[in-house]
Each structure stands twice: as structure tokens, then as C-alpha cells.
Amino acid sequence: MAERVRIEPIETFEGFEKLLDIQRAVWDHGDLDVTPVHQFAVSSRMGAILLGAFVGRELAGFVYSFPAVFKGQLCQHSHLLAVLPRRQGSGLGKALKLAQREEAAKRGYRLITWTYDPLQARNANLNLGALGAVSRTYVGNFYGLTPSLCLGPGIPTDRMLIEWPIRDRRVRARLEGKGKKRPAHDAGRLPKALERRAGGEAPFFRPARPRLDLDDRAVLVEVPRDIKALAGRCDLIAEWQKGLRRTMTGYFGRGYRAWDFVCGDRAFYVLIRD
Ligand SMILES: CC(C)(COP(=O)(O)OP(=O)(O)OC[C@H]1O[C@@H](n2cnc3c(N)ncnc32)[C@H](O)[C@@H]1OP(=O)(O)O)[C@@H](O)C(=O)NCCC(=O)NCCS
């Protein structure tokens with residue numbers, strides 16, 4: 001029988017301490033990089049949302065956000081989402097985000113923001129595909145050259161900033177699997193602003209030169225399907241990052257936003273201009 005999953009607030013020091021172990025297991029963080037117990041203790045008394053996913057009695061993952069302001073709007077900024085490696089891929093991450101949304105809505109929020117590495121296709125698929133969040137902000141080297149957050153030595157910590165307008169009709173429809181036909185469904189026919197160069201041996205493809213002058217309503221931007229498969233090939237990771245940074249910055253500057261994600265044998269952002 002499948003084990004029962006509960007999502008519950010984490011409010012005790014014993015709970016906060018377990019979050020250190022989860023961070024170490026998920027990110028391999030050293031002592032300087034883990035978010036510490038005192039941060040969880042103070043912020044959870046001061047408006048943060050801290051929820052754990054329990055499988056049976058085991059704390060298998062958590063999500064953590066704190067009150068913030070984005071473009072003048074009060075929001076929750078989600079700083080950590082983690083599921084133990086052996087529990088990943090079984091629905092816990094999505095369940096945590098849905099519970100975070102519910103709690104934030106209960107407290108009167110309309111927006112949750114967070115950042116993620118846009119070269120991580122799995123996370124893009126969760127954020128833009130499954131949750132219906134959007135992005136129109138690309139920040140180069142967001143956290144500086146913090147080694148534990150870089151994809152390789154000296155590779156900047158580029159991030160996309162996610163906006164999740166949690167009460168929007170579009171988000172509700174996406175979560176319910178309803179709504180208008182998604183442009184992602186026509187992905188094969190859309191023009192590509194960035195894609196892999198022909199030739200090359202999987203998974204070691206190189207990006208082609210970005211096309212920054214497309215004018216279509218929807219365009220695609222490719223990223224490697226699994227960036228972890230490129231571990232050790234910092235030259236390739238850096239090339240993809242440079243191409244993605246140029247492409248996203250260019251299109252966001254022209255009024256496009258990242259609106260959806262297509263994830264099959266290959267992975268693409270869908271950018272839309274309203
Ligand atoms: C990211 C993370 C929290 C997701 O949690 P999870 O429990 O593994 O994910 P779920 O099983 O709930 O899947 C949620 C969605 O992620 C996407 N996803 C999950 N695994 C995927 C994969 N291998 N490839 C592509 N998309 C994937 C899907 O969109 C999925 O939704 P769907 O099933 O409705 O399509 C988890 O993998 C993790 O802890 N990763 C390491 C830390 C991290 O990257 N944190 C987030 C930083 S922003």
C-alpha cells in the first residue's frame with residue numbers, strides 16, 4: 001500500500017534541525033551554506049511559511065518562504081524547496097507548492113515569487129509547466145560565485161525570477177488541468193530563438209547562435225534536457241548559460257515572458273508576447 005503523505009507546518013526546534021539534514025542531503029551544502037535553525041525560528045514567528053512533507057513518520061521534504069516585496073507588491077518569497085533524493089519524482093514537491101499556495105492565499109497573499117537556475121529543465125517544468133507560474137526577469141550571477149550554488153567552478157549563478165499569481169484564473173485552470181489549449185501543445189511548429197546545434201553526440205550538444213530578432217507571438221528557447229548529464233563539461237554548461245542569458249534578456253527586454261515549458265526528449269521554454 002502507498003504510504004500516506006501529510007503536509008504540516010514545522011514549528012519546533014527538533015523540526016528545524018531536521019531541515020539542516022535535508023539541505024545537506026539534497027544540495028550537499030556545507031555549514032556556511034545551509035539556512036540555519038535560528039533563521040527558521042525567527043522567520044516562522046514573523047510571517048514565514050514553513051511546511052514539511054511527511055511520509056509516514058519521516059520528514060521527506062519541505063518548502064520555506066518569507067514575506068517580501070516585489071515591484072511594490074507584498075508577496076511571499078519562496079527561498080527553499082527540497083525533497084530527499086530517494087523521494088523525488090513521486091509528487092511531494094508539487095504537493096508542497098500547492099500547500100504553500102493554499103496557506104499564502106489564506107493569509108491574504110496574491111503572489112509567491114522565487115528564483116531557480118533556468119538551466120535546470122526539471123525545475124522549469126515544475127515551475128512553468130505544472131504550476132503555471134511565469135517569468136519575465138533574468139538575473140545574471142544572482143548569488144555571486146558561491147561555489148555550492150554554481151553549476152561548475154567559476155560558472156555564474158544565473159537565476160530566473162518566478163512570479164506565481166496564486167489566485168489568477170490561469171493558474172487555477174493550469175492546476176486543474178483545464179483551460180485554453182496551451183501553446184506548448186504546438187511546440188513543434190514554433191520558431192526557435194535558441195536551439196542545439198545540429199550534430200554532436202547526446203547529451204553533449206552545443207547551442208547554436210541565438211536568434212534575437214524573431215517577432216512571432218510565441219517562440220521557443222531550448223535548454224539541455226538534463227544539465228546534470230553535462231557535469232564535468234564546464235565549457236558546454238558555460239556556452240548554454242551565455243546563450244540562454246542573451247536570449248532571455250533580449251526577449252524579456254522586448255516584452256516577452258516565459259509562459260510555459262515543453263519537456264519531452266528535448267526541453268524548451270515557450271515565450272509569449274501579449
Ligand atoms: C525540485 C524538487 C523539489 C521537485 O520535487 P519532486 O517531489 O521531485 O517533484 P514532483 O514529483 O512533485 O514533480 C513535480 C513536477 O516536477 C516536474 N518533474 C519532476 N521530475 C521531472 C523530471 N525528471 N523531468 C522533468 N520534469 C520533472 C514535473 O513537472 C512534475 O509535475 P507533473 O508530474 O505534474 O508533470 C525536487 O526534485 C528537489 O528537491 N530537487 C533538488 C532541489 C531543488 O532543485 N529545489 C528547487 C530549487 S528551485
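## Strand β5 and its surroundings

In this predicted model, strand β5 (residues 111-116) and strand β7 (residues 159-165) pair in the antiparallel sense, with 6 bridges between them. One position where you can see this pairing is Trp 114, which stands opposite Ile 162 in β7.

Strand β5 also has a partner in β4: the two run parallel and are joined by 3 bridges. Here Gln 76 stands opposite Ile 112 in β5. Together with α3, the strands β4 and β5 make a right-handed β-α-β unit. As for cover, 5 of the 6 residues of β5 are buried, leaving the strand mostly covered.

The two pairings of β5 can be set out like this:

| Partner of β5 | Sense | Bridges | Facing residues |
|---|---|---|---|
| β7 | antiparallel | 6 bridges | Trp 114 and Ile 162 |
| β4 | parallel | 3 bridges | Ile 112 and Gln 76 |

Now to the ligand. The shell around the ligand holds 19 residues, and those that come nearest are Gln 88, Gly 93, Lys 94, Tyr 116 and Leu 126. Two or more shell residues are given by each of β4 (73-83), α3 (92-106) and α4 (121-130). Helix α4 has the largest share, at 6 residues. By character, the shell is made up of 9 nonpolar, 8 polar and 2 charged residues.

Let's turn to Arg 266, which sits in the loop between β10 (256-263) and β11 (267-273). Arg 266 has 16 other C-beta atoms within 10 Å, so this residue is partly exposed; to count as buried, a residue needs 20 or more, while 12 or fewer would make it exposed. Apart from neighbours within four places in sequence, Arg 266 is in contact with Glu 222 and Arg 225. Asp 216 lies 50 residues from Arg 266 along the chain, and their C-alpha atoms are separated by 21 Å.

Finally, a look at the chain as a whole. Its secondary structure comes to 6 helices and 11 strands. The radius of gyration is 19 Å, close to the 19 Å that the globule rule gives for 274 residues, so the chain is as compact as a globular protein of that length. Along the principal axes, the C-alpha atoms fill a box of roughly 55 × 45 × 40 Å. Of the 274 residues, 31% count as buried. Among contacts with a separation of 6 or more, 65% are between residues 24 or more positions apart.

Technical notes. Residues numbered from 1 in each chain as written. Predicted model: local features only at pLDDT ≥ 70, side-chain atom pairs only at ≥ 80, totals over all residues. Helix = DSSP H or I, 4+ residues; strand = E, 2+ residues; numbered from the N terminus. Contact = placed C-beta atoms within 7 Å. Near = placed C-beta within 6 Å. Nonpolar A, V, L, I, M, F, W, Y, C, P; charged D, E, K, R; others polar. Pairing = 2+ DSSP bridges. Right-handed = clockwise from strand over helix to strand, strands pointing away. Rg over C-alpha atoms; globule rule 2.2 N^0.38 Å.
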